[in-house]
Number of protein chains: 2
Amino acid sequence: MQKKRVTLADVARLAGLSPTAASMILTGRPDTRLSAEAHAKVHAAAAELGYRPNVAARALRTDQSRSIAFISDYVATTRFASGLIRGALAAADAARNVLLVLETGGEPARTLRAIEAALDRQVDGVILAAMRAREVFLPDIAISVPTVMLNGTNARFPTSVLPDEFEGGRSAVRLLAEAGITDRLVLVGHNPDEERGQFRSETISRRLAGIRSEMSARGMAFAAELSSWDWEVSNGYDLVRRLLRKDRPRGLLCLNDRLAFGAYQALGEARLSIPGDVALVSFDNDELASYLRPGLTTIALPHQKMGQLAVELLLNGPLAAGEHLVPMSAVSRGSIPAAHP
Amino acid sequence: MQKKRVTLADVARLAGLSPTAASMILTGRPDTRLSAEAHAKVHAAAAELGYRPNVAARALRTDQSRSIAFISDYVATTRFASGLIRGALAAADAARNVLLVLETGGEPARTLRAIEAALDRQVDGVILAAMRAREVFLPDIAISVPTVMLNGTNARFPTSVLPDEFEGGRSAVRLLAEAGITDRLVLVGHNPDEERGQFRSETISRRLAGIRSEMSARGMAFAAELSSWDWEVSNGYDLVRRLLRKDRPRGLLCLNDRLAFGAYQALGEARLSIPGDVALVSFDNDELASYLRPGLTTIALPHQKMGQLAVELLLNGPLAAGEHLVPMSAVSRGSIPAAHP
DNA sequence: TGCATTTGCTAAATGGTTTTAGCAAGGAAC
DNA sequence: GTTCCTTGCTAAAACCATTTAGCAAATGCA
């Protein structure tokens with residue numbers, strides 16, 4: 001369809017120099033002693049021919065492929081979660097790198113295949129991302145390149161990027177308190193096992209810890225705590241419907257946006273208005289939050305920034321071990337009353 | 001972090017044979033005359049050393065990288081749309097290929113960079129996917145490898161994978177008709193310009209053509225057609241709220257799920273029940289559809305299958321030009337009454 | 001036995017880039 | 001007039017797998 005690729009040798013020939021010289025000049029080596037004239041000639045030749053280096057050949061020689069693997073249990077669970085990928089893509093693009101995206105479905109065999117496929121292609125780094133699980137299972141295979149855990153943790157890879165759930169939890173309570181809602185407050189979605197760090201792991205329990213910390217700092221307490229194993233729309237609906245049979249809460253603190261959506265449905269059926277009768281705050285800033293009416297006030301998961309940070313950590317020098325916490329910011333829409341004077 | 005990579009030479013040495021022999025055996029060449037014993041020795045050696053071929057080196061020699069580029073305007077607009085990627089990933093994985101995912105944001109400059117980055121990495125094929133736009137803009141750069149348009153069309157690349165919108169449109173009408181709803185039917189979201197093929201291009205106008213075809217085949221006609229440029233939740237809400245001031249429809253045919261969600265909100269406010277008072281059918285089978293109550297009956301976009309097909313077309317021999325239509329299937333939930341006897 | 005063919009394997013070239021080692025010419029220092 | 005730097009450049013090796021061309025031994029055929 002097209003003539004043969006232009007190689008470095010072609011550029012060198014046109015410039016009247018050796019491939020060595022051309023390579024040194026085009027890669028911008030610092031301490032070379034080639035003349036300014038040579039630089040000019042090589043750049044001109046490269047531009048004229050539209051030269052683009054063959055990344056495979058370069059990778060063979062340098063062991064650097066300018067590509068990194070993004071290995072995820074799921075590629076997207078919600079549109080919002082795909083912000084992890086989007087942020088990573090943008091950061092990779094900015095650094096002229098490319099993302100190899102691999103999905104594992106959480107299956108060990110597929111995870112193993114994915115890691116091998118990535119390593120075979122000489123990736124410069126690996127991002128192990130979690131859309132669902134937090135504590136990520138990893139097959140026992142050595143990964144010979146820098147590795148970052150994204151939205152999850154694993155003992156073998158100490159560098160991780162996580163949302164700052166503790167502060168996020170505090171923000172949610174603060175939002176309610178500042179709107180004057182300090183009473184008849186119900187927590188929706190809490191699961192005692194979670195909180196003990198048993199299941200979805202620490203990050204969710206940190207969210208709860210932040211909530212509890214801010215509550216007690218302000219002398220507030222929940223009137224009730226509705227727990228649920230899953231956090232889907234239908235769970236929110238069921239929990240709140242049952243609640244409304246007995247109680248009339250003033251505010252609901254939902255642990256994610258889907259639960260909140262279910263709560264909206266139950267409140268709507270009960271003819272209760274938001275935020276007049278009942279105020280709501282939740283977490284995630286899922287796509288849903290903007291669809292609801294009134295819009296849902298929620299503490300956003302900073303997925304995009306997290307994805308970006310993961311790539312930047314990989315690309316910028318030696319990996320800093322430890323947890324890199326990305327702030328969660330409050331997105332105010334209409335589900336809580338305007339702040340108290 | 002790890003010892004040096006095992007190379008083919010190492011395998012050959014351990015097996016007591018030449019690299020030539022090892023290569024031929026491991027790549028499974030058909031007509032070679034190497035002994036069964038040699039095969040056994042090489043395989044044993046490869047297994048013992050845990051040999052994995054260096055894809056970069058292989059790419060250099062064979063011009064095949066076992067990787068294909070997935071270049072998309074957006075990586076996901078809804079969770080559902082990310083099915084395009086998910087399907088592509090699964091098919092690539094099955095063929096031991098890998099996906100280079102690139103996002104362009106619809107910007108020409110970024111699109112150009114993405115194509116170059118992919119070509120530089122010797123991808124075996126390119127998928128140009130569209131999450132939003134249907135008629136895809138492409139910078140004027142030659143792509144020297146097989147290319148498939150996914151969920152979009154472009155004159156320069158005749159092979160495309162599209163949903164079968166015409167039949168999908170017919171199904172939606174059929175669903176309503178079979179539930180006995182043939183009267184007081186309103187179309188929500190239609191835009192006259194679209195239908196003339198002006199904007200989002202043919203595929204949406206095919207959806208409408210299918211709808212109209214089935215309507216007239218059954219002697220049905222819309223009581224009203226509400227048009228809107230955008231198809232977001234708020235548009236659906238506004239359109240239907242305005243409609244309800246004057247009319248009392250029996251059924252709404254919404255052109256996507258977000259419009260339908262908006263319609264739910266307006267109907268809820270007006271205290272109309274679904275499907276008792278008003279039935280709804282829409283398109284896409286977005287994540288939303290299952291969240292609503294009652295569940296939304298919708299004609300699914302077969303995103304996952306489409307992504308899969310795109311990869312398979314690339315990988316299986318010469319590209320078949322033309323449009324490859326993937327059927328849209330109806331997903332019945334609770335928003336239309338049970339079928340008429 | 002003599003010649004051709006088949007069998008079983010290997011040497012060496014190839015792909016495109018980077019990098020090491022070093023050459024030739026000119027100038028400076030002694 | 002040597003010797004020693006410096007400057008400006010290049011030859012060739014290296015990276016690793018694939019592939020072409022071909023070699024030596026064994027076998028088949030007459």
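These questions and answers cover the sheets, helices, aromatic contacts and cavities of a predicted model.

Me: In what order do the strands of the twelve-stranded open sheet run?
Reply: The sheet is open and its pairing is mixed. Strands of chain A and chain B both belong to it. The order is β11(A)-β5(A)-β4(A)-β3(A)-β1(A)-β2(A)-β2(B)-β1(B)-β3(B)-β4(B)-β5(B)-β11(B).

Me: Which strands stand at the edges of that sheet, and why is one side of each left without a neighbour?
Reply: Each edge strand has a single partner strand, so one side of each lacks a neighbour in the sheet. The twist from one strand to the next averages 25°. The edge strands are β11 (322-326) of chain A and β11 (322-326) of chain B.

Me: Which residue of β3(B) stands opposite Phe70(B)?
Reply: Strand β1 (residues 67-72) of chain B pairs with strand β3 (residues 125-129) of chain B. The two run in the parallel sense, over five bridges. Opposite Phe70(B) stands Ile127(B).

Me: What angle does helix α6 of chain B make with β2(B)?
Reply: Helix α6 (residues 108-120) of chain B packs on the sheet. It touches β2 (98-103) of chain A, and also β1 and β2 (98-103) of chain B. Its direction makes an angle with that of β2(B) of about 160°.

Me: Which are the edge strands of the six-stranded sheet in chain B?
Reply: This open sheet has mixed pairing and the order β7-β6-β8-β9-β10-β12. An edge strand here pairs on one side only. The edges are β7 (224-227) and β12 (330-331) of chain B.

Me: Which residue of β8(B) is opposite Leu187(B)?
Reply: Strand β6 (residues 185-190) of chain B runs parallel to strand β8 (residues 251-254) of chain B. Four bridges join them. Opposite Leu187(B) is Leu253(B).

Me: At what angles do helices α7 and α11 of chain B run to β9(B)?
Reply: Helix α7 (residues 165-178) of chain B lies across β6, β8, β9 (279-284), β10 (298-300) and β12 of chain B. Helix α11 (residues 257-269) of chain B lies across β6, β8, β9 and β10 of chain B. To β9(B), α7 runs at about 165°, and α11 at about 155°.

Me: Why does the aromatic pair of Phe261(A) and Phe261(B) join two chains?
Reply: The structure holds three aromatic pairs over all chains. Phe261(A) and Phe261(B) form a tilted one, 5.5 Å centre to centre with 55° between the planes. The pair joins two chains because Phe261(A) lies in helix α11 (residues 257-269) of chain A and Phe261(B) in helix α11 of chain B.

Me: Which elements give two or more residues to the lining of the largest cavity?
Reply: There are two cavities of 30 Å³ or more, and the largest has a volume of about 220 Å³. Of its 16 lining residues, those closest to the centre are Ser65(A), Arg121(A), Ser65(B), Ser67(B) and Arg121(B). By class the lining has eight nonpolar, six polar and two charged residues. The elements are α4 (55-62) of chain A and α4 (55-62) of chain B.

Me: How many polar residues are in the lining of the second largest cavity?
Reply: This cavity has a volume of about 50 Å³. Its lining includes Asp286(A), Tyr291(A) and Tyr291(B). Two or more lining residues come from α12 (287-291) of chain A, and likewise from α12 (287-291) of chain B. The classes are four nonpolar, three charged and, for polar, no residues.

Conventions. Residues are numbered from 1 along each chain as its sequence is written. Chains are lettered from A and ligands numbered from 1 in the order in which they are written. This is a predicted model: local features need pLDDT of at least 70, side-chain atom pairs count only at pLDDT 80 or more; totals for chains, interfaces and linings use all residues. Side-chain values use heavy atoms; hydrogens and water are left out. On a 1 Å grid over the protein atoms alone, a cavity is a set of points where a 1.4 Å probe fits but cannot get out, and a pocket is an open set with protein on both sides within 12 Å along at least five of seven lines; lining residues have an atom within 4 Å of a point. Grid points are joined across faces, edges and corners, and a volume is the space filled by probe spheres set on the points. Ala, Val, Leu, Ile, Met, Phe, Trp, Tyr, Cys and Pro count as nonpolar, Asp, Glu, Lys and Arg as charged, and the others, Gly among them, as polar. Two strands pair if DSSP finds at least two bridges between them. Contact means heavy atoms within 4.5 Å. Axes are lines fitted to C-alpha atoms, for helices over the stretch in contact, and angles run from 0 to 180 degrees between N-to-C directions. Rings of Phe, Tyr and Trp (its six-membered ring) pair if their centres lie within 6.5 Å; planes under 30 degrees apart count as stacked, over 60 as edge-to-face and the rest as tilted.
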